[in-house]
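Subject: Structure for you to look over

Dear colleague,

I am handing over the structure below, and my notes on what was found in it follow. Please read them with the coordinates open.

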Amino acid sequence: MPHPAHPPPAVPARGDVLVVGGGIIGLTAAWRASLAGLHVVVLDPDPGGGATHAAAGMLAPVSEAEHGEHALARVNLASAGLWAPFARELTQASGIDVGLTASGTLSVAYDAADAQRCRELLALQRSWGLDVREVPLAQARERAPLLGPHVAAATWAPGEQHVDPRAAARALRAVLAADARASVVSATATSLLRDARGDVVGVRTDDGVTLRADVVVLAAGARAAALVRDVPEVAVPVRPVAGTTLRLDARAAPWFADLPVLRGTVQQRPVYLVPRTDGEVVVGATSDEGAPAHGTRAGDVFALLRDARALVPGIDELPLVDVTTRARPATPDHLPLIGPSGVPGLVLATGHHRNGVLQTPLTAATLDAVLAGTTPPEAARACDPRRLLSPTTTAPSGGPA
């Protein structure tokens with residue numbers, strides 16, 4: 001006779017904090033709540049399997065800085081500075097190395113037009129006081145001997161790092177699994193619950209379960225907008241932006257592990273390669289408005305490999321072992337939504353777009369302050385969700401108790 005299936009774990013009917021979303025942001029929110037001594041439940045149909053699973057883990061506030069994104073660059077710089085203590089605390093708590101590596105970032109331009117764009121961006125970044133400089137091509141090749149023959153310009157950002165998002169998600173899951181106050185439940189939240197005063201007091205799930213909590217943290221990524229449809233006082237204008245990453249196996253080619261992070265522009269198309277010390281090389285940079293409909297398009301894989309091998313021809317020899325496409329949540333101003341929503345009981349932690357991993361420690365510090373009733377970090381002021389409220393919308397005063 002077949003063995004009976006194990007019953008699903010019991011879900012507390014009520015907790016202090018309920019986190020909707022189990023990516024790196026949601027799992028971090030749950031960890032911070034548990035560290036504060038609170039009982040916390042995380043809801044996600046595939047914890048760690050969303051945008052976090054696709055992310056390359058670049059901590060690149062300088063290289064990511066673009067025209068019109070000065071406020072975002074400041075947020076990213078502040079969060080990057082918090083990554084070392086955040087990683088140390090998480091590794092000590094979980095026993096899992098999250099792969100934080102200080103590699104620097106070498107950005108290269110493929111042709112003359114790309115070089116012009118590279119230098120324009122360099123001038124912008126330097127005007128903002130960022131630590132980046134142009135380097136001679138010979139020096140670029142010393143840092144990355146595997147560069148191909150077509151390189152027209154290069155810049156070097158020495159202070160940048162990278163981390164393994166999948167390892168970070170495993171570490172967060174391990175910490176929560178070891179904490180009797182925390183539960184991670186494979187379920188999908190379909191709507192928020194409100195009481196007679198209009199406070200958010202819980203969620204309903206796709207299997208008809210009602211869960212209640214003093215505070216709901218909405219960290220559901222691109223799904224967050226749909227979940228606030230019954231809370232019109234809250235603005236969560238996030239949209240899905242699909243991205244694809246490839247993972248190559250360079251364990252038989254250990255010279256890849258000595259490379260810095262490589263970011264390139266090939267005929268105006270961005271591409272990056274992130275070599276890890278364990279022999280993995282992550283390739284990415286696609287960005288398509290909308291959620292992925294039917295997995296990964298063959299053309300996206302082709303385009304990434306075409307442009308990556310234009311910069312580093314040696315990747316031709318590496319096995320392709322993983323292809324992942326996920327939707328990331330983007331806001332109109334590309335800044336995340338972190339903090340009280342304006343409706344009591346509802347805290348937002350979404351809209352991180354392409355910088356979710358980078359912005360995780362600042363999100364953690366902000367949520368620490370919100371849960372403790374103290375003032376969030378100054379750098380998080382630009383991420384206040386209430387900045388996007390319509391002037392004609394009146395939101396209740398105060399935040400979650």
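Helices H1 and H4 are roughly perpendicular to each other, since their axes cross at roughly 70° and an angle of 65 to 115 degrees counts as such. Please keep in mind throughout that this is a predicted model. H1 covers residues 24–35 and H4 covers residues 83–94, and the two axes come within 13 Å. On the H1 side the contact involves Thr28, Trp31, Arg32 and Leu35, which meet Phe86, Glu89, Leu90 and Ala93 of H4. By character, the residues of this contact divide into five nonpolar, one polar and two charged.

H1 also packs against helix H7 (residues 165–177), where the axes come within 10 Å and cross at roughly 30°, and this crossing is left-handed. From H1 the contact draws on Ile24, Leu27, Thr28, Ala30, Trp31 and Ser34, while H7 supplies Ala168, Ala169, Leu172, Arg173, Val175 and Leu176. Here the residues divide into nine nonpolar, two polar and one charged. Thr28 and Trp31 of H1 thus appear in the contact with H4 and again in the contact with H7.

Turning to the pockets, the second largest has a volume of about 260 Å³. There are 17 residues in its lining, and those closest to its centre are Pro340, Val370, Thr374, Pro376 and Arg386. Two elements, strand E19 (337–340) and helix H10 (360–372), each give two or more residues to that lining. Taken as a whole, the lining of this second largest pocket divides into nine nonpolar, five polar and three charged residues.

Finally, two histidines deserve a look at their backbone. Histidine 334, in the loop between strand E18 (320–330) and E19, has a positive phi of about 65° although it is not a glycine. Histidine 353 lies in the loop between strand E20 (346–350) and H10, and its phi, near 50°, is likewise a positive value in a residue other than glycine. The loops that hold these histidines thus border E19 and H10, the two elements named above for the pocket lining.

With best regards

Note on methods:
Residues are numbered from 1 along each chain as its sequence is written. This is a predicted model: local features need pLDDT of at least 70, side-chain atom pairs count only at pLDDT 80 or more; totals for chains, interfaces and linings use all residues. Side-chain values use heavy atoms; hydrogens and water are left out. Axes are lines fitted to C-alpha atoms, for helices over the stretch in contact, and angles run from 0 to 180 degrees between N-to-C directions. Helices (H or I, at least four residues) and strands (E, at least two) are DSSP runs, numbered from the N terminus. Angles under 35 degrees count as roughly parallel, over 145 as roughly antiparallel, 65 to 115 as roughly perpendicular and the rest as oblique. Contact means heavy atoms within 4.5 Å. Ala, Val, Leu, Ile, Met, Phe, Trp, Tyr, Cys and Pro count as nonpolar, Asp, Glu, Lys and Arg as charged, and the others, Gly among them, as polar. On a 1 Å grid over the protein atoms alone, a cavity is a set of points where a 1.4 Å probe fits but cannot get out, and a pocket is an open set with protein on both sides within 12 Å along at least five of seven lines; lining residues have an atom within 4 Å of a point. Grid points are joined across faces, edges and corners, and a volume is the space filled by probe spheres set on the points. A crossing is left-handed if the near helix is turned anticlockwise from the far one by less than a right angle, and right-handed if clockwise.
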